[in-house]
Amino acid sequence: MDEDHNYSGSSGNNLETSKAERSVWLMKCPVAVAKSWQNHPPSHPQPLAKVVLSLDPLHADDPSALQFTMEMAGTDAVNMPKTYSLNMFKDFVPMCVFSEANQGKVAMEGKVEHKFDMKPHGENIEEYGKLCRERTNKSMIRNRQIQVIDNDRGVLMRPMPGMVGLVSTNSKDKKKTQPVKQSDTKRTRRDRGELEDIMFKLFERQPNWALKQLVQETDQPAQFLKEILNELCVYNKRGANQGTYELKPEYKKSVVEEDTGAE
């Protein structure tokens with residue numbers, strides 16, 4: 001065994017832990033930023049982004065005096081913001097980062113020291129609103145295709161799972177059949193970015209929504225919707241809109257500015 005590396009497990013599935021104590025940052029970024037970084041060639045000399053640390057020397061002991069800002073090096077998207085705020089969290093569940101090579105070799109890359117939520121900077125919120133509008137419009141476009149059925153012996157015409165009870169074989173069965181409730185069918189998750197675009201579109205239609213209404217509008221699992229709502233919205237526990245969600249101020253501002261610009 002190599003003395004410079006530590007391994008555990010069987011000989012066919014080893015774990016390299018030489019970097020286990022290295023500190024790493026975990027950051028949740030918008031879909032547009034993730035796609036931009038994935039398209040960045042590894043051999044390109046230009047860096048992906050630059051992180052700027054700002055500290056107020058007069059209030060060095062105040063945690064809020066420490067601010068992180070990320071500046072994108074270069075993006076091809078027209079309305080993609082160039083500056084983002086990084087909100088740091090220290091109170092989170094301890095996590096580690098692992099990597100797996102093509103040969104199946106697993107390595108521990110370090111421990112998560114800080115967690116960041118990345119969102120557009122205040123001055124770029126209007127550009128981000130336009131980007132969300134473009135993604136929403138693209139997600140609404142559906143390319144329909146016509147398929148010719150040839151000698152399938154009725155395979156494609158058979159009822160799909162969840163449709164049992166909707167189709168009757170004769171007139172006597174019509175009284176016995178009952179439609180399957182929507183809540184009994186399994187809902188398939190959409191792409192996270194696509195669902196966020198649809199949510200912005202719905203909140204443009206009306207400012208407040210109940211969870212049950214959003215489940216019916218999006219046909220998405222309730223638990224998955226709650227994850228998106230906790231990021232984009234605030235929950236009204238009292239008042240006239242009790243039990244409903246509405247957009248956070250920063251996202252609500254982008255929607256209002258976008259509507260004003262469209263007029």
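Ala, Val, Leu, Ile, Met, Phe, Trp, Tyr, Cys and Pro count here as nonpolar, Asp, Glu, Lys and Arg as charged, and the others, Gly among them, as polar. In this predicted model, that scheme was applied to the second largest pocket. Its lining divides into 11 nonpolar, 2 polar and 8 charged residues.

The second largest pocket holds about 500 Å³ of space. It is lined by 21 residues. Lys 28, Met 118, Glu 196, Glu 231 and Tyr 251 are the closest of these to the pocket centre. Several elements supply at least two lining residues each: helices H1 (31–38), H3 (192–205), H5 (222–232) and H6 (249–262), and strands S5 (83–89) and S7 (106–120). S7 gives the most, with 4 residues.

The chain as a whole has 6 helices and 9 strands. Of its 263 residues, 27% are buried. The accessible surface comes to about 19,000 Å². Carbon and sulfur atoms account for 50% of that surface. Among contacts with a separation of 6 or more, 58% join residues 24 or more positions apart.

Thr 218 was examined individually. This residue belongs to helix H4, which covers residues 211–218. Thr 218 counts as buried because its relative accessibility is 6%, and the cut-off for buried is under 20%. Beyond its neighbours within four places in sequence, Thr 218 is in contact with Arg 190, Leu 195, Ile 198, Met 199, Leu 202 and Leu 225. Ile 198 is 20 residues away from Thr 218 in sequence, yet their C-alpha atoms are 7.8 Å apart. A polar side-chain atom of Thr 218 also lies 2.7 Å from the backbone oxygen of Leu 214.

Notes. Residues numbered from 1 in each chain as written. Predicted model: local features only at pLDDT ≥ 70, side-chain atom pairs only at ≥ 80, totals over all residues. Heavy atoms only, no water. 1 Å grid on protein atoms, 1.4 Å probe; cavity = no way out; pocket = protein on both sides within 12 Å on 5 of 7 lines; lining within 4 Å. Points joined across faces, edges and corners; volume = space filled by probe spheres on them. Buried < 20%, exposed > 50% of the residue type's maximum accessible area, 1.4 Å probe, protein only. Contact = heavy atoms within 4.5 Å. Areas by Shrake-Rupley, 256 points an atom, 1.4 Å probe, with all protein chains shown as cover. Polar contact = N/O pair within 3.5 Å; in protein donor to acceptor, adjacent residues only side chain to side chain.
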